[in-house]
Amino acid sequence: MRVYLVVTDETEEAGLALRFAARRAADTGGSVHILALVERQAFNAFGGVQATMEEESRDRAEVMATSAAGALFSESGTLPQISVKVGEGQAVIKEYLAEHPEVAALVLAAAAEGAPGPLVTHFSAIAGSLPCPLFIVPGGLTEEQIDAVS
């Protein structure tokens, strides 16, 4: 079964990547994994404050991933696998890909304007060494255009 990995955050383009992945998964009999990233908080001399900030970030990421999964389920009838990981985004994604050889493609979306975003910039530069293809969805596409190409 083909597995499409989507990294989700609070950006509009993350929703586009999820839509593309969901459509591809439906067309190929595959599934979607949603990876929500939680950045480590900067060191704080008051460890309790740092732990509370990280917990709040993790809670937000879980809500965001669950919301994305709900949208995917309501549209396609399939439930994705959800993972919430703490750490630096690029390293967490590489680790996830190494731990999940069933992932057939990493799906990211570029910002509609300006720089494409740090993950797109990083992973497009190392696409040749990834264990799976990298799909980059242009952030300026409409839902109808995504549906047509996926």
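Select Arg23 and Asp147 to begin: the two side chains form a salt bridge, with the closest N and O atoms 3.0 Å apart. Arg23 belongs to helix α1 and Asp147 to helix α5, so this pair ties together parts of the chain that are 124 residues apart in sequence. The model on display is a predicted one, and the distances quoted at each stop are to be read accordingly.

**The salt-bridge network**

Keep Arg23 and Asp147 on screen and colour them by accessibility. Arg23 has a relative accessible area of 28% and is therefore partly exposed. Asp147 is likewise partly exposed, because its relative accessible area is 28%.

Next, add Arg19. Asp147 forms a salt bridge with this residue too, and here the closest N and O atoms are 2.8 Å apart. The pair connects helix α5, where Asp147 lies, to helix α1, where Arg19 lies, so parts that are 128 residues apart in sequence are tied together.

Then select Glu143. The side chains of Glu143 and Arg19 meet in a salt bridge, at 3.7 Å from N to O. This pair, too, links distant parts of the chain: Arg19 sits in helix α1 (residues 12-28) and Glu143 in helix α5 (residues 143-149), 124 residues apart. Glu143 has a relative accessible area of 44%, so the residue is partly exposed.

Show the four side chains together. Arg19, Arg23, Glu143 and Asp147 are linked in a network of salt bridges. The count of salt bridges comes to three. As a general point, side chains of opposite charge can pair when their charged atoms come close.

**The surroundings of Arg19**

Centre the view on Arg19, in helix α1. Is this residue buried or exposed? Arg19 counts as buried because its relative accessible area of 16% falls under the 20% cut-off.

What does Arg19 touch once its neighbours within four places in sequence are left aside? The contacts are Glu75, Glu143, Ile146 and Asp147. Glu143 and Asp147 have already been visited; Glu75 and Ile146 may now be added to the selection. For a further reference point, label Val137: its C-alpha lies 9.8 Å from that of Arg19, although the two residues are 118 apart in sequence.

**The crossing of α3 and α4**

Hide the side chains and display helix α3 (residues 89-99) with helix α4 (residues 118-125). Their axes come within 10 Å and cross at roughly 50°. That angle makes α3 oblique to α4. The crossing of the two helices is right-handed.

Restore the side chains at the contact. On the α3 side, select Gly89, Gln90, Ile93 and Lys94; on the α4 side, select Pro118, Leu119, His122 and Phe123, which they meet. By class, the residues of this contact divide into four nonpolar, three polar and one charged.

**Ser124, in helix α4**

Stay with helix α4 and select Ser124. At 39% relative accessibility, Ser124 counts as partly exposed. Which residues does Ser124 touch, not counting those up to four places away in sequence? They are Leu134 and Ile136. Draw a distance from Ser124 to Leu134: the two are ten residues apart in sequence, and their C-alpha atoms are 7.5 Å apart in space.

**Ser83, in strand β3**

Now move to strand β3 (residues 81-86) and select Ser83. Ser83 has a relative accessible area of 12%, so this serine is buried. Leaving aside neighbours within four places in sequence, Ser83 is in contact with Ile34, Leu35, Ala36 and Tyr96. The C-alpha atoms of Ser83 and Ala36 are separated by 6.2 Å, with their positions 47 residues apart along the chain.

**The whole chain**

Finally, zoom out and switch to a cartoon view. The protein chain has five helices and five strands. Follow the cartoon from the N terminus on, and the elements run β-α-β-α-β-α-β-α-β-α.

Colour the full chain by accessibility: of its 150 residues, 41% count as buried. Among contacts between residues at least 6 apart in sequence, 72% join residues at least 24 apart. The pair of Arg19 and Asp147, 128 residues apart in sequence, offers one salt bridge to revisit in this wider view.

Technical notes. Residues are numbered from 1 along each chain as its sequence is written. This is a predicted model: local features need pLDDT of at least 70, side-chain atom pairs count only at pLDDT 80 or more; totals for chains, interfaces and linings use all residues. Side-chain values use heavy atoms; hydrogens and water are left out. Axes are lines fitted to C-alpha atoms, for helices over the stretch in contact, and angles run from 0 to 180 degrees between N-to-C directions. Helices (H or I, at least four residues) and strands (E, at least two) are DSSP runs, numbered from the N terminus. Angles under 35 degrees count as roughly parallel, over 145 as roughly antiparallel, 65 to 115 as roughly perpendicular and the rest as oblique. A crossing is left-handed if the near helix is turned anticlockwise from the far one by less than a right angle, and right-handed if clockwise. Contact means heavy atoms within 4.5 Å. Ala, Val, Leu, Ile, Met, Phe, Trp, Tyr, Cys and Pro count as nonpolar, Asp, Glu, Lys and Arg as charged, and the others, Gly among them, as polar. Buried means under 20% relative accessible area, exposed over 50%, partly exposed in between (1.4 Å probe, protein chains only).
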